[in-house]
Amino acid sequence: MGASGDLAKKKIYPTLWTIFRDDLIPRKTVFVGYARSALSVADLFAGITPYIRLDSEDERQLFEDFQRQNVYVQGSYDQAADFARLAATVADLEGGSGSGSGGEGRANRLFYLALPPTVFAPVTKLIKEQVMTDRGWNRVIIEKPFGRDAASSAALSAHLSGLFREEEMYRIDHYLGKEMVQNLMILRFGNRIFGPIWNRENVACVQVTFKEPFGTQGRGGYFDTFGIIRDVMQNHLLQILSLVAMEKPVTPNAEDIRDEKVKVLKCMKELKLEDVVLGQYIGNPKGKTEDSQLGYTDDPTVPAGSVTPTFALAKCSISNERWDGVPFFLRCGKALNERKAEIRIQFRDVAGDIFAGQCQRNELVIRVQPGEAVYVKFMTKEPGMTFRLEETELDLTYTNRYKEAILPDAYERLIMDVFSGSQMHFVRTDELREAWRVFTPLLHEIEEKKVVPLPYYYGSRGPRQADDFCVANGYKFTGTYQWKKPTTAAGAGGNS
């Protein structure tokens, strides 16, 4: 659903091609695109092909086979007759008649809703009434936004619960498909070394960061409706926080993991205005590109005088025995100095320092993107005839350790999870409810008071006040650590 949209062209269809190419799903699987645009399959693929990489003649031939497995149906998102026509098309492809019991044998249906929220309710209702099958399973992938606040999210969840069972719903958060986010479970619970220090007695603070080096790029109309908190922080970053902070699940099964994530969220306090720093990028007169010289409100798709934040830093608190008093900083923004997503766990200062203040805090850093890596910053003696200390690292950079590894795209991994029926990396209804409970009071306060965000230059680290806020709340930044790039491959980053 939404086959002609940007998400479908840039992410979903390239992912479906990849899993088809790699023989990860049955070759008889048929891909049915549905949208309002009047298109042929050839027209549809003309828009998809620029996002597809074909490295050989064999791949080009296979891509033609993939294209032949595609069907396109034009229709509205609110007319039962159009959905009945879609159901008849699908039934014919399955070798039966009607949406339910026609034909012989098993036939499963997976619905991917790459749609704007405005048509979500009628589409899901008509899918339920017209297109679902009783010859196999039905699974529905739902893209964010999952509402705008607690009330709208609850209404959406109630609507969906009235149509589908929980096990049929897959609320997709592509960040949960990232290699290093998935590795968090193994790092935490598969190693004795981390367990005893993963608590408030040893951890000073945790920072989860998401940075983009570009602005809205003509998508300001969409972005302005939601803002950076709804777009990134309330979902992607909060999901990572819950994986960092949760207790050890009884098993690695989906429900046990999601139970522990919900427990963490239930222990979190609601955010208030004093817990955040908000920013909005302005044009950088020293910018080297035309885009960097333009501010957020210079985007013609952004309403004049908009006060929507493009940067946010939030200090979250978890009131439980493990984390009481430890600040969890969530930091995200557009038009910043680099592309980076990482988890930074900073440990407390060494007690009884005998090295005249030369010791810096140890840190465990999990680099999600780019250049997947895990490294530990620690102190060592400077080589040579000296007793000075310096910071260095124990380094697991994936491009060095796993040179031959090809990491799957997050969408590829998650769509395969849906095919196999695993909900481990998808958001459950009660999890979503708790997430909105934490953020809704803050979002309403920002909107009611029309809070004006702090300006920051395109290409900077964000508002200076954000760094000051972190330092005032227990984070230490020295700027003394330098990453020494390995000679065999590029490292994961520069200054920390």
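How many of the 26 residues of helix H8 are buried? In this predicted model, the count is 23, so to speak of H8 as mostly covered is fair, by the definition that buried means under 20% relative accessible area. The helix spans residues 220-245 and is not straight throughout: at glycine 227 H8 bends by about 90 degrees.

**The cysteines**

If you are wondering about disulfides, the count here is zero. Cysteine 205 takes part in none, and its nearest cysteine sulfur belongs to cysteine 470, 7.8 Å away. A disulfide needs two cysteine sulfur atoms within 2.5 Å. Cysteine 332 has no bond because its closest cysteine sulfur, in cysteine 316, is 10 Å away, which is too far. As for solvent, cysteine 205 counts as buried because its relative accessibility is 1%, and cysteine 332 is buried with a relative accessible area of 1%.

| Cysteine | Closest cysteine sulfur | Distance |
|---|---|---|
| cysteine 205 | cysteine 470 | 7.8 Å |
| cysteine 332 | cysteine 316 | 10 Å |

**A sheet of four strands**

Now to the strands. One open sheet holds four of them, in the order E3-E4-E5-E14, and the pairing is mixed. Strand E3 (109-113) and strand E14 (426-427) form the edges, each pairing on one side only. Strands of a sheet pair through backbone hydrogen bonds, either parallel or antiparallel. Which sense joins E5 and E14? Strand E5, residues 169-172, pairs with E14 in the antiparallel sense, over two bridges. To find this spot in the structure, look for arginine 171, whose bridge partner in E14 is valine 427.

Methods. Residues numbered from 1 in each chain as written. Predicted model: local features only at pLDDT ≥ 70, side-chain atom pairs only at ≥ 80, totals over all residues. Heavy atoms only, no water. Buried < 20%, exposed > 50% of the residue type's maximum accessible area, 1.4 Å probe, protein only. Pairing = 2+ DSSP bridges. Bend = angle between axes of the 7 residues up to and from the residue.
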